[in-house]
Amino acid sequence: MQHSNAANRLDRLPISRFHKITLVAVSFAYFFEFADINTFATTVPKLVKLWGVTVNQVAYVTSLSFVGMFFGSLIGGWIADRWGRKNALAITTLWFAVFSFASVFSWDIVSLGVLRVLTSAGLSAMTVVAVIYVNEIYPAAVRGKYQAYAIVIGICGTPVTNLVAAAVVPLTDWSWRLVYLWGSLGILFLLFTRHLKESPRWYESKGQYEKADAVLSQIESRVAAEKGPLPDPAAPIAVATKQTKAPLRLLLQKRYLVPTVLLSVMWVTQTVGFFGYSSWAPTLLAQEGLSVEKSIFYVALTTVGAPLGCFLAAQVTDRVERKWCLVAFGVVIAICGLFYGLTFNPIMIVVFGFLVNFFERGYTAVAYAYSPELFDTRTRSLGTGVSYGLGRLSNAVGPLVIAALYTGTGYQSVFYFIAGSWLVGALALAVFGPRTRQARLTDPPVEVPTAPTTA
């Protein structure tokens, strides 16, 4: 028998310089993830004029990008389990940065579409790994707050990218390529990796208790040198020495099936809702008669609300049940989104677009903290990756539905559809979402089963 105590030793640490450096590093990765995820949407209005790109072609590229996100989520979870959370962060960030850089040299919508699919896969993989890493490194009582703080900083990549696009896209017939060059700067995350530590909980899940103890001792010595003597951790728990992998079929067990399905619904509706607004607003506004410059500029102004929404989430996520935060935010987003889509008054577009971004990013910050809490350490990568990935895959039809609605029944029907998606997600969470606040206060260490039917 071995004794698992990584969770207890990490949970009693005060927030220190170690945690703050980790926060900056993860925030940097998030910044360019959010930057890169919007590059296609901000350049499409220009490509419509240069390459004659149609709404249906935009739909197909966007749809296939979500297929890429699905596979990226699965691969990201697999890499995180196989090579560790820290290494997986470096690999997945390098992945999306390289393909974003390659997008600079695309020559038609097909080549750009292929590169965007590969970029999207890397973005999704990085997100899954980052969510898991923060969950396992920060104390349970404040992990939601610091997950949100990371996104507060990271989400600034959205308005900054939109402002960059607004400045450079109209300049020349080739300057739209600079937007993808900007997105590729996420590769600079590799400079932060030497300051990060591997997750001791991952080491324990692999039976590498000596490595886990060595990393924990390094972290504790750094924190103690800054904060003074540390309190004793709770007693370790004996676990079986035999290690077993978490096969995909494990998620079919009732213990994991319910949270997997619930989180899949949550991520489906969030994906349709978020990308419905962010990916289609510039294009649809331009199609309705606004100039390319104005459509991009209006959307850029609305995204300023995103980091403020994440900051709101940081203040409430550890104080109340996360599920009720998600329910409340989802309903408000649906209402504001309808007003955003049903007006062409510039002031109203900016005001309600701001509110949509404000509450949607708060929703996402809470969801990033909520998702991995529904699984134990053994199944955390698998469950988070599959549910997040299924959400992205399911939305492969979302852009096609939006394109069909737009061409068939008009602009306003698109926003009715998006608002309805948010309400479905809020209802599912209200009825089926488990509470996690009490569990966080008694967060258990990693469990390693001796039989394949338990976890």
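A residue counts as buried when its relative accessible area is under 20%, as exposed when it is over 50%, and as partly exposed in between. Keep that cut-off at hand for the exercises below, and remember that this is a predicted model.

**Exercise 1. Get an overview of the protein: what share of its residues is buried, and how many helices and strands are there?**

Solution.
- Step 1: Apply the cut-off to the protein's 455 residues, and buried ones make up 60%.
- Step 2: Go through the secondary structure, which comes to 20 helices and two strands.
- Step 3: Look at the contacts between residues at least 6 apart in sequence; 87% of them join residues at least 24 apart.
- Step 4: Turn to the outside, where the accessible surface is about 17,100 Å², with 68% of it belonging to carbon and sulfur atoms.

**Exercise 2. Find the largest nonpolar core: how many residues does it have, and which have the most contacts inside it?**

Solution.
- Step 1: The largest nonpolar core has 98 residues.
- Step 2: Tyr30 and Met266 are the ones with the most contacts inside this core.
- Step 3: Pick Met266 and leave aside neighbours within four places in sequence; the contacts are then Leu326, Tyr363, Ala367, Tyr370, Ser371 and Leu429.
- Step 4: Another core, of 15 residues, lies apart from the largest one, and its members include Val44, Val58, Val169 and Trp176.

**Exercise 3. Decide for Thr39 and for Val114: buried or partly exposed?**

Solution.
- Step 1: Thr39 has a relative accessible area of 0%, so this threonine is buried.
- Step 2: Thr39 belongs to helix α3, residues 39-50. A polar atom of the Thr39 side chain lies 2.8 Å from the backbone oxygen of Asp36.
- Step 3: Beyond residues up to four places away in sequence, Thr39 touches Arg116, Thr161, Val179 and Tyr180.
- Step 4: Val114 sits in helix α6, residues 109-137. Its relative accessible area is 47%, so Val114 is partly exposed.
- Step 5: For a distance to check on screen, the C-alpha atoms of Val114 and Gly68 are 9.7 Å apart, with these positions 46 residues apart along the chain counted as their separation.

**Exercise 4. Work out why helix α7 is described as largely enclosed by the rest of the structure.**

Solution.
- Step 1: Helix α7 covers residues 143-154, twelve in number, and spans 16 Å from its first C-alpha to its last, close to the 16 Å expected.
- Step 2: Mark its buried residues: Arg143, Gly144, Tyr146, Gln147, Ala148, Ala150, Ile151, Val152 and Gly154.
- Step 3: Nine of the twelve residues are buried, so α7 is largely enclosed.

**Exercise 5. Trace the salt bridges of Arg85 and Arg322: which side chains do they meet?**

Solution.
- Step 1: Arg85 forms a salt bridge with Asp81, with the closest N and O atoms 3.0 Å apart. Arg85 also meets Glu136 in a salt bridge, at 2.7 Å from N to O.
- Step 2: Arg85 is in helix α5 (residues 85-103) and Glu136 in helix α6, so this pair ties together parts 51 residues apart in sequence.
- Step 3: Check burial: Arg85 is buried at 0% relative accessibility, and Glu136 is buried at 1%.
- Step 4: Arg322 meets Glu373 in a salt bridge of 2.6 Å, N to O. Arg322 lies in helix α15 (residues 322-341) and Glu373 in helix α16 (residues 346-373), so this pair ties together parts 51 residues apart in sequence.
- Step 5: Arg322 is buried, at 0%, and Glu373 is buried, at 15%.
- Step 6: Finally, salt bridges with shared partners link Arg9, Arg12, Asp213 and Glu220 into one network.

Definitions and conventions: Residues are numbered from 1 along each chain as its sequence is written. This is a predicted model: local features need pLDDT of at least 70, side-chain atom pairs count only at pLDDT 80 or more; totals for chains, interfaces and linings use all residues. Side-chain values use heavy atoms; hydrogens and water are left out. A nonpolar core is a set of buried Ala, Val, Leu, Ile, Met, Phe, Trp, Tyr and Cys residues joined through side-chain atoms within 4.5 Å. Buried means under 20% relative accessible area, exposed over 50%, partly exposed in between (1.4 Å probe, protein chains only). Contact means heavy atoms within 4.5 Å. Helices (H or I, at least four residues) and strands (E, at least two) are DSSP runs, numbered from the N terminus. A polar contact is a pair of N or O atoms within 3.5 Å; within protein, one must be able to donate a hydrogen and the other to accept it, and residues adjacent in sequence count only if both atoms are side-chain atoms. The expected span of a helix is 1.5 Å times one less than its number of residues. Accessible areas come from the Shrake-Rupley method with a 1.4 Å probe; for residues, only the protein chains shown count as cover. A salt bridge is a side-chain nitrogen of Lys or Arg within 4 Å of a carboxyl oxygen of Asp or Glu.
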